[in-house]
Amino acid sequence: MERVEQHACFGGRQEVWRHESAVLGCAMRFAVYLPPAALQGQACPVLYWLSGLTCSEQNFITKAGAQAHAARHGLILVAPDTSPRGDGVADDPAYDLGQGAGFYLNATQAPWAAHYRMQDYVAQELPDLIERHFPAMSARGIAGHSMGGHGALVTALRNPGRYHSVSAFSPIVAPSQVPWGQKAFAAYLGDDTTAWAAWDAVELLRDAPERLPLLVDQGLDDEFLAPQLRPELLEAACRAAGHPLTLRRHAGYDHSYYFIASFIGEHVEHHAKALR
């Protein structure tokens, strides 16, 4: 691994690392915030953050303001990139497919299958790396925004027992039923829509073996609310399955990091309570 950035931050240290991913077959970057407790040698729980379409590891660490809250609660924050990248990695001219739009799944279709195995990366390879090289406990939480909110919900639901907590901002809750998800799933997984259910939070909730409480915040002035996000579908699925859900709707808030920054402290506290 190679550290490419480090900055003192709220008594801790914000770092960015580069490494060669065996799972993705390319170089990857991830951000890690080490709170003061970690710098003093204490083992700390880890909160993983998955970002949305077009983002990299930089968006969350520069815009969300999460470090102050992580420092107070003694949490390590880890934010990976949103997809594999590089000259040899398949891409698409559109913003919602290819590099920057990995959708946190394991692709099965050419040319994507060669590199796009983001689920294996965020759920297995990256945590293994973090727990080997940093003072990290195996207590994990996962959160995300938009496409990353989809990724957080799906990753927690697909890996019962692996995470102590999960939350999301403005998640794509039913990608099989909305344009962003249908486009990505058709490309990455093929035209057999029965295969899509394994990557759709609403579908996974039907038979979820674990009742990990879900915390979701949604802005009511979000331009993607009706066509892409559909939180009412998550609400209905949780009600039908008896799955605990706290869905908070906020008048006046949109899809931006201004929304995330306004409520990230409450999300960090939600995870800290579960992880401690």
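**Exercise 1. The largest pocket**

The largest pocket has a volume of about 170 Å³; state which residues line the largest pocket and how they divide by class.

Solution. The structure is a predicted model. Step one is to list the lining: Gly52, Leu53, Thr54, Cys55, Tyr95, His145, Ser146, Trp180, Phe224, His255, Ser256 and Tyr257. Step two is to sort these residues by class. Tyr and Cys count as nonpolar, whereas Gly counts as polar. The lining of the largest pocket then divides into six nonpolar, six polar and no charged residues.

**Exercise 2. The largest cavity**

Find how many cavities of 30 Å³ or more there are, and describe the lining of the largest cavity.

Solution. The count comes to one cavity of 30 Å³ or more. The space in the largest cavity is about 50 Å³. Its lining consists of Ala156, Leu157, Pro160, Glu210, Leu212 and Leu214. By class, that lining has five nonpolar, no polar and one charged residues. Glu counts as charged, and Glu210 is the Glu in the lining.

**Exercise 3. The buried face of helix 6**

Determine which residues of helix 6 are buried and how they are arranged about the helix axis.

Solution. Helix 6 spans residues 179-189. A residue is taken as buried when its relative accessible area is under 20%. In helix 6 the residues that meet this cut-off are Trp180, Gly181, Ala184, Phe185, Ala187, Tyr188 and Leu189. Viewed down the axis of helix 6, these buried residues fall within an arc of 170°, so they line one face of the helix. The cover over them includes helix 5 (147-158) and helix 8 (225-229). One of these buried residues, Trp180, also belongs to the lining of the largest pocket. Just after helix 6, Gly190 takes a positive phi of about 95°.

**Exercise 4. Strand 3 and its partners**

Work out which strands pair with strand 3, and in which sense.

Solution. Take strand 2 (residues 12-21) to begin with: strand 2 pairs with strand 3 in the antiparallel sense over nine bridges. Within this pairing, Glu15 has Val32 as its bridge partner. The hairpin of strand 2 and strand 3 has four residues between the strands, and Gly25 takes a positive phi near 70° there. Next take strand 5 (residues 76-80), which pairs with strand 3 in the antiparallel sense over four bridges. Here Val32 stands opposite Val78. Val32 thus has Glu15 as a partner in strand 2 and Val78 opposite in strand 5. As a last step, check the exposure of strand 3 (residues 26-34): seven of its nine residues are buried, and the strand is mostly covered.

Definitions and conventions: Residues are numbered from 1 along each chain as its sequence is written. This is a predicted model: local features need pLDDT of at least 70, side-chain atom pairs count only at pLDDT 80 or more; totals for chains, interfaces and linings use all residues. Side-chain values use heavy atoms; hydrogens and water are left out. Buried means under 20% relative accessible area, exposed over 50%, partly exposed in between (1.4 Å probe, protein chains only). Helices (H or I, at least four residues) and strands (E, at least two) are DSSP runs, numbered from the N terminus. Two strands pair if DSSP finds at least two bridges between them. The arc is that of the directions from the helix axis to the C-beta atoms. Contact means heavy atoms within 4.5 Å. On a 1 Å grid over the protein atoms alone, a cavity is a set of points where a 1.4 Å probe fits but cannot get out, and a pocket is an open set with protein on both sides within 12 Å along at least five of seven lines; lining residues have an atom within 4 Å of a point. Grid points are joined across faces, edges and corners, and a volume is the space filled by probe spheres set on the points.
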